[in-house]
Each structure stands twice: as C-alpha cells, then as structure tokens.
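Got your viewer open and a selection tool handy? Let's walk through this one stop by stop, picking residues as we go.

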Amino acid sequence: MSTETTSEGLSNLLHEERTFPPSEEFGAQANGTAELYDRAAQDREGFWAEQARRYVQWETDFDQVLDWSQAPFAKWFVGGRVNACVNAVDKHVEAGHGDRVALHFVGEPGDTRDITYADLHVQVQKAANALADLGVGKGDAVAIYLPMIPEAVVAMLACARLGAPHSVVFGGFSAEALHSRIDDAGAKVVITADGGWRRGKPGALKPAVDAALAVGESPVEKVLVVRRTEQDVDWDDDRDLWWHEALGAAADTHEPEAFDAEHPLFILYTSGTTGKPKGIFHATGGFLVQTAYTSSVVHDIHPESDVYWCTADIGWVTGHSYIVYGPMTLGATQVMYEGTPDTPHQGRFWEIVQDKKVSVLYTAPTAIRTFMKWGKDIPAKFDLSSLRLLGSVGEPINPEAWMWYREVIGGDRCPIVDTWWQTETGAIMISPLPGVTAARPGSAMRPIPGISAAVVDDTGKPVEKGSGGYLVLTEPWPSMLRGIWGDPERYKETYWSRFENVYFAGDGAKLDEDGNIWVLGRVDDVMNVSGHRMSTAEIESALVSHPKVAEAAVVGAADETTGQAICAFVILRADAVAEADEEGEGAELIAELRQHVAKEIGPIAKPRQIMVVPELPKTRSGKIMRRLLKDVAEHREVGDVTTLADSSVMSMISAGLNKGD
Ligand code: WTA
C-alpha cells in the first residue's frame, strides 16, 4: 500500500475557495436540516432509532439500536422485524398512493411504460409466488442478470419479499464472471432476459447464462427469462421458463412475512485487492433505514412532487441503494432508462429530463465529463428548468466538472451533492446536506448526521487540517456491510485490521483548513474506471490465464474522461515471442488478449492499452513496482528506480515501447 495517491492532484484542490450556499428558498423546504447534526452529536443511537422509526415500517419494533459486542460484526435494530418489499411497495398502496407512478420507464428504442405503485404491487406478488413455486424461500440466494428494465426492480423486490437474498450481476460481466458469482452465492434460480438494448442494437444476455451454467456442477435449478429484445434463444425445457408465463400462472396475492432486521437482503460482488471478487452482504433493517434516510436528507426527495432519476445501472450498488431501496421506501416517482446517453443522439439524457420533468438527478463524474466533451450546446437545446438538485457519485469530481454541472445543467440554481460512499457502506456517508451546506466544488464536505469519519496518518492518528492521509469511519453505521459472504476472516482483515477499531475505506483523503474532506481516490490496488471498481489483480490473473502470457502487471492510468484507464504490461512466453516476431502479428495478439479479458471478466474490464515488455520492474523481494509502470502509462518521467532488483529494467521497457511507437 502506498500514500502516493494522496498527494496527487492536491495542489489544484487546495486553491479551491469558491463556496456555494443553498438559496434561502431551497433551505426552507429541505428535508435535511442543521438540527440533525446537533441531534446526532448528542445521542447517536437515539438519532438512528428516530430515523429508523420515521422512514421504515416495522412489523415488530426493535428493542436495541446497536449491538456492537461482537465488533466488527454489528447488529442494528435488534429484535426488529421488517419486510423490505412491503416498505418499498405495499406500504404506499396501503397509504392510498397506489396511483402514484413509481417508474417512468424509458427503453432505449423509445418505448415507454409508466408503472404505478399499485401496478408494482400486483407484479411483486405474482413474482414472489412464481419464485416460491420454483422452491425459492427464505435464505435461498437468487442471481439476477438483467438489463435496466422494470422487471429488474420487480425481481429484486420479489426476492426481498421472500427473504431470498438477491445477487445482481451487472450485464457487462461475462459468462465466466457470472459463473463464479453464481457458485459463490450458491444461487438456486437465475433471473435473466433474452437481452437488452444498447447503442441501438439488441445485446444478448441468455447465452452468457447458458454458458455459465454449462461449466461443472451448478447449484442452479431453474432459469427465469424475461422477454425484452425478442432475440432467438436456446432453450432447456427442464430448466428454463419464460418470466411472463411463470407470472401469468402465479397467484395474484402473496402474504409477506416479516424477517429479522439482520436477515441478509442481498449479496453484491465487488473488486478488491486480490483476484477474487468479494461478496459484500447487507442486512435488511439497517440498509433500508440508511438508504431511505439519505434519499430524504441528501437527495431531498419529496415523494409527492419530485421526479427523481438515478442514472446508475441496477447491477452496481448505486442502483440497489438509490433506485430500488432508498427512493422506493420513500414512495418516490422515478425515471428508469435502459440505454446509453448517446443513443440515438447525444442529447438523450436532457431530452428525458425535459420530457419527464426530472427534478433530482443523480449521476457520475465520468458521465459529466463526457457531456462536457460533447459541448454545452447539446443540453442547451432542452428545457432543464424542472431540475432543482444535482448529485454526483462514484469517483472524485474535479472542480471543473463540478462547475460545468452546476452552470450548464443546473442553471446556476441547483445545489450539488457530491456523495462519497461504497458498496460496503451501503449508503451515502459523506456529503453536503443540500439545504444546509455551503458546498465547495470537488469536496464531499462532511460526514452526514449520524456518521463519523476521520482522515488519519500511517499510524492511525487524525491528521491536522490542511493535511492528507487515509479515510476511515470511526463508528459503526446502520447500512454497513455485515461481512463478506462465506469469509468472515477476510472481512476483518480487509476493513478492520489496518487501524485499530476503525473501518479502513481504502481511499486517500485530505482535510482542508476548514475541516472539509476531499476524497482523492484509492490507495490500494483497486482502480476506478468510469466510476466502476476494477481490481488490478483480477485483470492480471485474467491475462496470465492466456496461454501466450507469462506475466502481467496492470495499473490505472489517469484518463480525462474515465478517471482512470486500465493499462496492462505483459511478458509473453518464449514461444509466443518467437511467433509474434516471425509473423509480425503484434497488433493481432493484443486484440486477442483484450478479447480474452472480456471473456474472463467482461467487456468493461478490457484494458485501454496493452504493452508487451521484456521484463517487469520488481523490488528485491519480487513485488511489482506499479508506481513506475504508472509513470510510463501516464507518459511521465520514470521516478526513483533505486529499490529495483535490476535497475536497467525501466530503460529496457521504455526502449522497447519507443521502438514500437
Ligand atoms: C470512489 C460506489 C470520491 C471511492 C458508490 C470509493 C468516490 C469507491 C466518491 C467505491 C466520491 C465513490 N468522491 N470518490 N463522491 N464516491 N468514490 O463500491 O474510491 O463502486 O472507495 O461504490 O468509489 O466504489 P463502489
């Protein structure tokens, strides 16, 4: 682990002194108030008990807020019983809001569906019955591999209704990646689709499921298939069922059961510092409480009047927390869009904002930087006056992008909430409160009420204002991960062993003179590519699994649009080197390796660049010095090489690459 990242890019951040306080008008109507900070500071657990009872409907009330006696394994809202699906759907119908639109679905080809809470109520009951008919019950894992269509929301909520933890796998992951996730979770049923629409074309999903289940013994008994693109699909009569037929045959009503607050709600795999993704799992009660609370105080959702749109995919945590559980527990109306921002034209997002009168928009810096590149004339063609609040998530937002977002999209009127959190934290942790905080472009500002964070040095001591260090969370929080599926030791080791009694987030951060936090990016071997977490070790192991590769090292190099880009350095096996030289097929080989990574992990993991090198820089103890490779990838002068076992390696690499240019 190194502190390199913590000093990177600091100089420009340090000079950022602009502040943007909310308007009086915004402050007056905001859900999040300054008093919340005081209340949480006085009595943290009492504060969380209040939020829990305010935002969540408990079938049985809890009798203890937090049990931390087995730290770092937490239990929140002990004794409480709750059903997440009832909170997201039934509750609103019972309160008389059945006619409210839950989802304004916009398909990429232009098809639209408005689905009310009453419609969803029918769907989740049928889906729960269909799943129960297939033998899914409390505690049975279900894998979901779907495009961004309403059935994804219905599938997740139906699982929650049954107490069956869902494991959603992003559609950009390959059959291989899907296979390992299905196996690790022991999923009994997979819910997929024939395909989804992307960039004007139908992309297939079912073939990846077929391939994933063809390898070895599989725990999967049944596959439910949603019809979306109407592509031809292979069919296994014993195993495959159409979703519409299964739901059509299922009973209309389903009596929900309440589960213990600690009952696992879902598993979501995320990249860590080793080759094997971690199955992060979340508990029902605490997750609902904190996602709903933050949807209210950070996104300021007023369910009776707002149209909210989170542009994330359901396959990532942002989709779980801020499409499904948070906003829906509040009873929000939201937009769900299937496709890409440039299909069929680069104004698609702004057209949707205009047509659906979106008032709260939550997106990622990488998207904002892409829009900047396309130019402000594109959003200028649309009426964006419905917007009143903008959010950002997934990676640090540079001040230029923040200002562009504010001026061009927000008409200089909308507050921006830059929200820091992780798959592991389950919900927003550090962010401005939009009606309270005078925000600074590029800073996530302060922990929200109820959350405690610090920036510490190598020894775990809080740093002085004006200094950088590691971001840690100093108190447990309701939506914290409950562990890594099947690997409690790895949970302790990864998050709770770097410093005593605090959660180590893996991010570098800086505290400014006013005590605001500036998150700078990962300090471990995790890359952040377009807001997606990618592990260097995972891509390296995919590369070395190719028969022509002897060794590989992967680094994240700075990239203007995607934040970081994947750059790989590979050493070929001797016979492959000879072959490549003879046939001059270097370019083909690189294409083959990129394709291989796509097959092993998924298209999202394809390196931007693969460089064939004769050697890799290593320390005497054999550790690859990624810092030096990063210098090469970012076209910088190569740094200090004195700790290398062989100091000539870097000149060999540079010479080889120049020759290739
Ligand atoms: C990064 C996404 C700076 C960070 C919700 C974190 C951010 C990782 C921000 C988690 C932000 C997320 N400012 N960095 N506002 N939000 N990150 O698990 O490095 O996909 O550790 O969760 O994204 O990524 P994950």
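Before the first click, a word on burial: a residue is called buried when its relative accessible area is under 20%, exposed when over 50%, and partly exposed in between (1.4 Å probe, protein chains only). What you have open is a predicted model, where local features need pLDDT of at least 70, side-chain atom pairs count only at pLDDT 80 or more, and totals for chains, interfaces and linings use all residues. Residues are numbered from 1 along each chain as its sequence is written, and side-chain values use heavy atoms, with hydrogens and water left out.

**Stop 1: salt bridges**

Start by selecting lysine 126, which is buried at 15% relative accessibility. Now add aspartate 252, partly exposed at 49%. Their side chains form a salt bridge, 3.1 Å from N to O. Lysine 126 sits in helix 7 (residues 117–133) and aspartate 252 in the loop between helix 11 (243–249) and strand 13 (259–260), so this pair ties together parts that are 126 residues apart in sequence. Two terms there need unpacking. A salt bridge means a side-chain nitrogen of Lys or Arg within 4 Å of a carboxyl oxygen of Asp or Glu. Helices (H or I, at least four residues) and strands (E, at least two) are DSSP runs, numbered from the N terminus. By the salt-bridge rule, the count comes to 38.

Next, select arginine 228 and glutamate 338, whose side chains meet in a salt bridge at 2.6 Å, N to O. This pair also links distant parts of the chain, 110 residues apart: arginine 228 is in the loop between strand 11 (222–226) and strand 12 (240–242), and glutamate 338 is in the loop between strand 17 (333–337) and helix 14 (348–356). Are these two buried or exposed? Both arginine 228 and glutamate 338 are buried.

Then jump to arginine 636 and glutamate 634, joined by a salt bridge of 2.5 Å, N to O. Arginine 636 is partly exposed at 40%, while glutamate 634 is buried at 18%. For a group rather than a pair, pick Lys206, Asp210, Arg239 and Asp240: salt bridges that share partners join them into one network.

**Stop 2: the listed binding site**

An unreviewed UniProt entry lists residues under "binding site", including Pro396, Asp507, Arg522 and Arg533. Such annotations may be inferred rather than shown by experiment.

Click proline 396, in the loop between strand 19 (389–393) and helix 17 (399–409). Proline 396 is partly exposed, at 37%. Leaving aside neighbours within four places in sequence, its contacts (heavy atoms within 4.5 Å) are Pro365, Arg369, Val519, Leu520 and Gly521.

Aspartate 507 is next, in strand 24 (residues 503–511). Aspartate 507 is buried, at 6%. Its side chain makes a polar contact of 3.0 Å with that of tryptophan 420. (A polar contact is a pair of N or O atoms within 3.5 Å; within protein, one must be able to donate a hydrogen and the other to accept it, and residues adjacent in sequence count only if both atoms are side-chain atoms.)

**Stop 3: the ligand**

Finally, select the ligand and what lies around it. How many residues surround the ligand? There are 17, with a heavy atom within 4 Å of it, and the closest are Asp418, Thr419, Thr423, Asp507 and Arg533. An oxygen atom of the ligand lies 2.9 Å from an N or O atom in the side chain of glutamine 422. For arginine 522, a polar side-chain atom is 2.8 Å from a ligand oxygen.
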